[in-house]
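Here is my note for your file, set out as numbered points. Please read it with the sequence and the model side by side.

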Amino acid sequence: MVVTDVQQQETGSAGGQRRVLVVEDEPTIAESIAARLGAEGFRVAVSHDGPTAVDCFQTWQPDLVVLDVMLPGFDGLEVCRRIQAHRPVPVLMLTARDDETDLLVGLGVGADDYMTKPFSMRELAARVNVLLRRVERAQLAARTPVGGTLRLGELEIDHVQRRVRVSGGDVHLTPTEFDLLACLAAQPRAVLTREQLLAEVWDWTDASGTRTVDSHVKALRRKIGANWIRTVHGVGYALEAPTP
């Protein structure tokens, strides 16, 4: 498959010439995404199948990947596994199925966010910018770490090394899962609304993204234990030590 490099000539726009790899087997959708992100100032490469996407990722070194789940060659989940093993990078997954199991599997292999088709190009561009801003904030926090290690019962959150342990064992979280846990842990036992979590973790103020919060909470529970995060129905979530 041919990989197309779409470059926007205006360098002063939001994208700042950062690179986005779009992996989508439907040419019309791929071209629409590339055109919108190009207009935002990004350099965009387009791939239409799994093997080509992995090769392009390794040679082109994008800053972010927009990745469809259903692909020829091998699917987007396998693409995500392979690229994250090569170099951690933000991944926005696209799926035609609003299936919670599929979404949790995607988050489990390293995706940071997802969108269900059909979606608006405006929202996709906004999500891409949000994910890249999160990376910038994480890099800044790594250079100027604060807070050290937070302990809540058997849970330890090391903000400097971005490591989490439960009962002395390491728990491997995606960058988004870590940021979500750290946000909840900053106010233990306090209930944070989905909208608050969207604003703090995703820098996203549109309430239409609350399903994203719910799916990440479920993925986080699978890793640290379901009893650590309390659901307050109709409101949001709170982090608290499980009752013995």
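1. Which side chains meet in a salt bridge at 2.8 Å, N to O? In this predicted model, the pair consists of Glu-123 and Arg-127, and both residues belong to helix H5, which covers residues 121-143. They are 4 residues apart, about one turn of the helix.

2. The surroundings of this pair deserve a remark, since both partners carry charged side chains that one might look for at the surface. Glu-123 has a relative accessibility of 17% and therefore counts as buried, the cut-off being under 20%. Arg-127, at 6% relative accessibility, counts as buried too.

3. Helix H5 also contributes Arg-134, whose side chain meets that of Asp-179 in a salt bridge with an N to O distance of 2.6 Å. Because Arg-134 lies in helix H5 whereas Asp-179 lies in helix H6 (residues 175-185), the pair ties together parts that are 45 residues apart in sequence. Both Arg-134 and Asp-179 are buried.

4. Asp-179 has a further partner to be noted, for its side chain also meets that of Arg-162 in a salt bridge, at 2.9 Å, N to O. This pair again links distant parts of the chain, with Asp-179 in helix H6 and Arg-162 in the loop between strand E8 (155-158) and strand E9 (163-166), 17 residues apart.

5. Is Arg-162 buried or partly exposed? With a relative accessible area of 32%, Arg-162 is partly exposed, whereas its partner Asp-179 is buried. The backbone of Arg-162 should be checked as well, as its phi is positive, at about 55 degrees, although the residue is not a glycine.

6. A positive phi is also found at Gln-61, where the value is near 55 degrees in a residue other than glycine. Gln-61 sits in the loop between helix H2 (50-60) and strand E4 (64-68), and its relative accessible area of 33% makes it partly exposed.

7. Lys-117 should be looked at from two sides. Its side chain takes part in a network of salt bridges that links it with Glu-24 and Asp-68, while a cis peptide bond, with omega at about -5 degrees, joins Lys-117 to Pro-118. Pro-118 itself is found in the loop between strand E6 (113-116) and helix H5.

8. For completeness, the structure holds 17 salt bridges, among them the pairs Glu-123 with Arg-127, Arg-134 with Asp-179 and Asp-179 with Arg-162.

Definitions and conventions: Residues are numbered from 1 along each chain as its sequence is written. This is a predicted model: local features need pLDDT of at least 70, side-chain atom pairs count only at pLDDT 80 or more; totals for chains, interfaces and linings use all residues. Side-chain values use heavy atoms; hydrogens and water are left out. A salt bridge is a side-chain nitrogen of Lys or Arg within 4 Å of a carboxyl oxygen of Asp or Glu. Helices (H or I, at least four residues) and strands (E, at least two) are DSSP runs, numbered from the N terminus. Buried means under 20% relative accessible area, exposed over 50%, partly exposed in between (1.4 Å probe, protein chains only).
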